[in-house]
Structure formats: structure tokens, C-alpha cells
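Open the model in a viewer and keep the sequence panel beside it. The tour below goes from one selection to the next and says what is found at each stop.

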Amino acid sequence: MLKIILTILLLVFLYNPVLSSARENNRSNAEVYEVDTLYSDTFKTQYIKAIILDGEYAGRFVEIQHIPARYSLNYFNLEVGHRIIVETHLTANGRLEGKIIGINREFHIVRFALVFLLALLIIGGIKGLRSLVALVLTGFVIISILIPMILRGFNPLFSTMISSVIIIVVGFLIINGFSRKSAAAILGTTGGMVFAAIFAEYFSRSACITGATDQEIIYYIAERGISVDFAGLFVSGILIGSIGVTMDVSMSITSFVFELKRRSPRIKLHQLISSGMNVGKDMIATMVNTLVLAYAGASMPLFLLFVNIGMPLNYILNTEIVSAEIIRSLSGSVALVLTIPLTSLIAASMCDFKPKRRTIEGVKVSYLSEC
């Protein structure tokens, strides 16, 4: 999550007309037309002939040499029909030369996104559509509110808390409407996020987590003169990464408590709280595993290296990248665990509470719907 935030920061800073035109004038999309592969004892070289698809040199051919170096970002084999991103320039004699910047992955990402969209709409129906709208608005909040606030010098933790509250409130209102159920879920999730912020901030600062683990992105940000609190961004990443699972737990408990109250109107407050807690306890194991495994999965190459070279456990734990992932996992897990009793209490109280109704033109109304 920290890498995502850093990347978005860089992209947002770079996205302005002056910089964009200067930077992308000589970058184009191209399609591989011919491939000639030569092998040697140590490596292979691909001689590529590609046709430029857009930009100043659209329609022209460019010849490029590509070496798929093992353990690098260039370790891929090109085939006829592959789309690539190339950086081109004219030589003194008018010949077009270039180099490969990377693979054009937009087409594949769009196809995958369409598969997700169809599955969401077919299986989820109206709820799926509302979830999609909430997802789009979440991305909008991160890109249009959170990142600009950080770039303007606001404290990353403060900026993330503001953005998180917006995401939580808007998400629940879109999915479930303006109701007591939504209000209970919003309060429970927000409370869990506050706990996550407190623990993440305290332990990351006390453990001296700098947040400067991705040197490549940090280098580019420094080159652009962006002043960023990387330790604060680390905490921001924890909060953003924890929103989804805490929303899930909070909504599940709230829905169960309200449904239980609807089916058993005479049930007592303490019984509602106890029932919500029991449901939450059943969710703890799987949800904590979800958080821990998600973060562990992102660090698999690092774990392979540590195990292979036989590093002592205390050394591994003291490396920042491992310590940071542990703090990230524990912060999210603590937020999840503490969200359960908080949401159970809030949902049971709001469900059991009988709001005062006021009469408008002979009709009794309340401010929030039951569900």
C-alpha cells in the first residue's frame, strides 16, 4: 500500500501539461512486427522490428535490441503482435532508433477489469452496482483529496483520517442508504480506524520505521523535489489498507444484530451485544489471516531470500522491511479485533433505541429508517 501511495504521489506531481508534453514527446506505443532471436553461451538477444502506433512517428518502423536479462524488469520474451512502449529518436542521418521502456499492459488490465465488472454485476446485481460506485468514489477520494493534501504539506495521518472517514461514510451510504444500520456500521468502522491510527503511529515511531523501503520510487520523488514524510506515509498506507476489512466486519455484525432484533423484538440489549460479539469472534480467525497473508504474500521474494541464506531470526525481525510488515499486519489486526466489540455495542444500542418521532401533517416520522 505504501508503494501504491508513493507511486500515485509521483504520478500526480508529474501530471501537468508542461511536464507531460516534454516527457512524452518521444514515447510511443508500438507493435512488434518481426523478431529475430540470437543465442550465446550466457544470454540471448532479440532484434525487434516494430511499427509505431501513435505519436510523431506513427506508421514508421523502428529497430530495437532487447536483452531479456534474468532477475530484471526486462526479463520477458517478445513475440510478434506484442504491444510495447518505446522511446524513439532520430539519428543524424534520419534513421529512427529507439529503446524499449516496457510492455503495454493496458489492454490486458482492461480485459481483466471487464471480467471483474461482469462478475460483480451478474452475481451482485444492484448491490454489486452500488459496490462498484463506492469503489470508484474511493479511488476518487484517494487521488483527488488524499494525495493533493499530502502534496500541499498536510500531515499524512491527518489527511488519511479525513479521507478514510469520507470513504467510510460515502461507501456505507451508497451501499445501504441513510439508515440506523448504516450509521452503526459507520461509527464502528471509524472507531476501528482510530484504534489502527493510534497503534500504527505509536509503534512505527517507537520502532523508528522510516518508511523509506522502496528506494527506486523514493529516488524519483526526491529528484522531483517533493517533500514527503515517508514515516507518515507508512501509517497512511496501513489505514487505507485496513479500511476494507474493517468495513466488512462492521457491516456483517451490524446486519446480523439488526436482523436478530427484527426477528426477535423482545430480545434484550445485552443479548444483542453478546450475539454480535459471537459473530465477530467467528470472523476473527479468517479476517486476521486475510490481513497477515495479504501482507506476507507481497513479501514472498524477501522471505525466500532470508530462508535461503539462513539469516538468524533476530536479524530478520530487526530489518526495517520485515518490522514494517509486522507492524502493518498487527495494526490492521488490532483494528479488526477492536472493531468487533465496538460495532456490537453501537449496533445493539442503536437497534434497541426507539427514536422520538415527530408529526408532520398527521404522519409520524423519524429521522433515520429502521434499516
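## Strands, then helices

Select strand 4 (residues 83–90) and strand 5 (residues 96–103): the two run antiparallel and are joined by seven bridges. This is a predicted model. Within this pair, show Leu90, which stands opposite Leu96 in strand 5. Next, select the hairpin of strand 4 and strand 5, where five residues lie between the strands. Gly94 in this hairpin takes a positive phi near 85°.

Keep strand 4 in view and add strand 1 (residues 27–39). Strand 1 and strand 4 run antiparallel, with five bridges between them. Show Arg27 here and look across to strand 4, where Glu87 stands opposite.

Which strand is joined to strand 1 by nine bridges? Select strand 2 (residues 44–52), which runs antiparallel to strand 1. A hairpin of four residues leads from strand 1 to strand 2. For a marker along this pair, show Glu34 and its bridge partner in strand 2, Lys49.

From strand 2, go on to strand 3 (residues 61–66). Six bridges join these two strands, and they too are antiparallel. Pick Ile48 and then Ile64 in strand 3, its bridge partner.

Now leave the strands and select helix 3 (residues 106–151), where Val133 is found. Is Val133 buried, partly exposed or exposed? Val133 is partly exposed, because its relative accessible area of 37% falls between the limits of 20% for buried and 50% for exposed. Add Leu121, Ile126, Leu129, Leu137 and Phe140: with Val133 they form a nonpolar patch on the surface. Together the six have about 510 Å² of accessible area.

For the interior, show Ile142, Leu157, Ile168, Phe172, Phe234, Leu239 and Ile243. Of the 31 residues in the largest nonpolar core, these touch the most other members. Colour the elements that give two or more residues to this core: helix 3, helix 4 (156–176), helix 5 (180–206), helix 7 (230–263) and helix 11 (320–352). Which of them gives the most? Helix 7 does, with 10 residues.

Zoom in on Ile243 and list its contacts, leaving out residues up to four places away in sequence. What remains is Ser164, Ile167, Ile168 and Met193.

The last stop is a second, separate core of 18 residues. To find this core, select Val249, Ile340, Ile346 and Ala347, which are among its members.

Terms used:
Residues numbered from 1 in each chain as written. Predicted model: local features only at pLDDT ≥ 70, side-chain atom pairs only at ≥ 80, totals over all residues. Heavy atoms only, no water. Pairing = 2+ DSSP bridges. Patch = residues over 30% accessible without salt bridge, like charges linked within 9 Å, V, L, I, M, F, W, Y side chains within 5 Å. Areas by Shrake-Rupley, 256 points an atom, 1.4 Å probe, with all protein chains shown as cover. Salt bridge = Lys/Arg side-chain N within 4 Å of Asp/Glu carboxyl O. Buried < 20%, exposed > 50% of the residue type's maximum accessible area, 1.4 Å probe, protein only. Core = buried A, V, L, I, M, F, W, Y, C linked by side-chain atoms within 4.5 Å. Contact = heavy atoms within 4.5 Å.
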